[in-house]
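Biologist: I would like a close look at a single part of this model, described in its context. Please begin with the chain that this part meets, and then work inwards from there.

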Amino acid sequence: MIPYDISIRYMVAGYAVIILVLITYVLSLLSRWMVLKRNLRSIKDGIVRARS
Amino acid sequence: MNRPPKILTFLSILSSILFLLALGLVLFFTPLEAKMNYVQKVFYFHLSSAWVGMLGFICAAISGIAYLVSQDMKWDIIEVASVEISLVFFLNAIVSGSIWAKPSWGTWWTWDPRLTTAAILEMIYVAYILLRQGIDDPERRARFSAVYTLVGGLSVPVTFLSIRLWQSIHPAIIVTQGTEGGSSFGMTPAMLFTMIFSILTFTFIFVTLLWHRIRIGHLAVLVAELRNQENEEMQS
């Protein structure tokens, strides 16, 4: 049988890794979305400027 | 391409609530396993992550077929989105499995058939992401990716069946008569409920993330098209 305190430590480590990886991925999606939106806005402005 | 659809917002909130509920069930509802104590609780999200990882790789293979049949770029966007999300979940499955293995087997890693095939599966799709970066022409890239995910998809059943095909020390969750070696633990109804709840929760999270990632893919295509248009207008 795995000792109580050791088993808690490994359980916490397992869940911490899973949650941190998921949060990091969600943040990466968010940052990509924001960068693309900013690029879209600047490209649209550029096209308007080029036409006028 | 501004605000997300209401149903996507609903799905995002629902997935977050389900995730917290699943975590609560794991920590406070499931009983302790006799030999492994708290470490066994890693199993619920480990299994769910592996399930979602494999689900996404299969989705990518189906999207690959759909692209080859229709030549529609939307399938390429869905395919790369599926692979990317699955890579994240499968990495979670491998790392959490390794954390479970240390106190249970006495080692972080062993070249057991299940672990080896899982590592190969992850590397196959890491290579997919890297190789895609090297192809500039979108249609060639999409064609190559579709064929790659079809061939790569073959490793999903191999990984799943590895504990049945070869002698393995990895615990078998779905125990059938043909299961060789390995070990399983007796699941109480509470454990079984939490396992199914976690699998459903992770499936919801996968669908939600996939939808968000597909929207990013469409936006990226739009930005690339407008950039080309801008360059053309600058030249003329």
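Modeller: In this predicted model, chain A has a radius of gyration of 23 Å, whereas a compact globule of 52 residues would have one near 10 Å. The box filled by its C-alpha atoms, taken along the principal axes, is in keeping with that value, at roughly 75 × 10 × 5 Å. The secondary structure of chain A consists of 1 helix and 0 strands, and 15% of its 52 residues count as buried.

Chain B, which holds the part I will examine, has 7 helices and 0 strands, and along the sequence it reads α-α-α-α-α-α-α. Its C-alpha trace spans about 75 × 40 × 30 Å along the principal axes, and 41% of its 236 residues count as buried. Among the contacts in chain B with a separation of 6 or more, 76% are between residues 24 or more positions apart.

Where the two chains meet, chain B contributes 31 residues to the contact and chain A contributes 26. On the side of chain B that touches chain A, the elements giving two or more residues are H2, H3 and helix H7 (189-235), and H7(B) provides the largest share, with 13 residues. By class, that side of chain B is made up of 18 nonpolar, 6 polar and 7 charged residues.

The part I have chosen is the stretch of H2(B) and H3(B), with the loops that go with them, as both helices are among the elements that touch chain A. The approach to H2(B) is a loop that lies between helix H1 (6-29) and helix H2 (42-70) of chain B, and Asn37(B) is found in this loop. Asn37(B) is not a glycine, yet its phi is positive, at about 60°. Is Asn37(B) buried or exposed? A residue is taken as buried when 20 or more other C-beta atoms lie within 10 Å of its own, and Asn37(B) has 20 such atoms, so this loop residue counts as buried.

H2(B) itself has 29 residues, and the distance from its first C-alpha to its last is 42 Å, close to the 42 Å expected at 1.5 Å a residue. H2(B) is also mostly covered, with 21 of its 29 residues buried. The residue that follows H2(B) is Gln71(B), which has a positive phi near 60°, although Gln71(B), like the residue discussed above, is not a glycine.

Gln71(B) sits in the loop between H2 and helix H3 (73-105) of chain B. Its surroundings give 13 C-beta neighbours inside 10 Å, and because a residue with 12 or fewer would be exposed and one with 20 or more buried, Gln71(B) counts as partly exposed. One residue from elsewhere in the chain can be placed relative to this loop: the C-alpha atom of Glu139(B) is 8.5 Å from that of Gln71(B), with their positions 68 residues apart along the chain. Glu139(B) belongs to helix H5 (residues 138-152) of chain B, and with 12 C-beta neighbours inside 10 Å it counts as exposed.

Beyond this loop, H3(B) has 33 residues, which should span 48 Å at 1.5 Å a residue, and the 46 Å between its end C-alpha atoms agrees with that expectation. Like the helix before it, H3(B) is mostly covered, with 25 of its 33 residues buried. Just after H3(B), Gly106(B) takes a positive phi of about 85°.

H3(B) also packs against another helix of its own chain. Its axis and that of helix H4 (residues 113-133) of chain B come within 10 Å and cross at roughly 145°, and the crossing in which H3(B) passes H4(B) is left-handed. The residues of H3(B) that take part include Val80(B), Val83(B), Leu87(B), Phe90(B) and Ile94(B), while those of H4(B) include Ala118(B), Leu121(B), Tyr125(B), Ile129(B) and Arg132(B). Taken by class, the contact of H3(B) with H4(B) has 13 nonpolar, 1 polar and 3 charged residues.

To draw the part together, H2(B) and H3(B) are both mostly covered, with 21 of 29 residues buried in H2(B) and 25 of 33 in H3(B). Between them lies the loop that holds Gln71(B), which is partly exposed. On the other side of H2(B), the loop from H1 holds Asn37(B), which is buried. H3(B) meets H4(B) through residues among which are Glu84(B) and Glu122(B), and H2 and H3 of chain B also contribute to the side that touches chain A.

Conventions: Residues numbered from 1 in each chain as written. Chains lettered and ligands numbered in written order. Predicted model: local features only at pLDDT ≥ 70, side-chain atom pairs only at ≥ 80, totals over all residues. Helix = DSSP H or I, 4+ residues; strand = E, 2+ residues; numbered from the N terminus. Rg over C-alpha atoms; globule rule 2.2 N^0.38 Å. Contact = placed C-beta atoms within 7 Å. Nonpolar A, V, L, I, M, F, W, Y, C, P; charged D, E, K, R; others polar. Expected span 1.5 Å × (residues − 1). Axes fitted to C-alpha atoms, helices over the stretch in contact; angles between N-to-C directions. Left-handed = near helix turned anticlockwise from the far one by under 90°.
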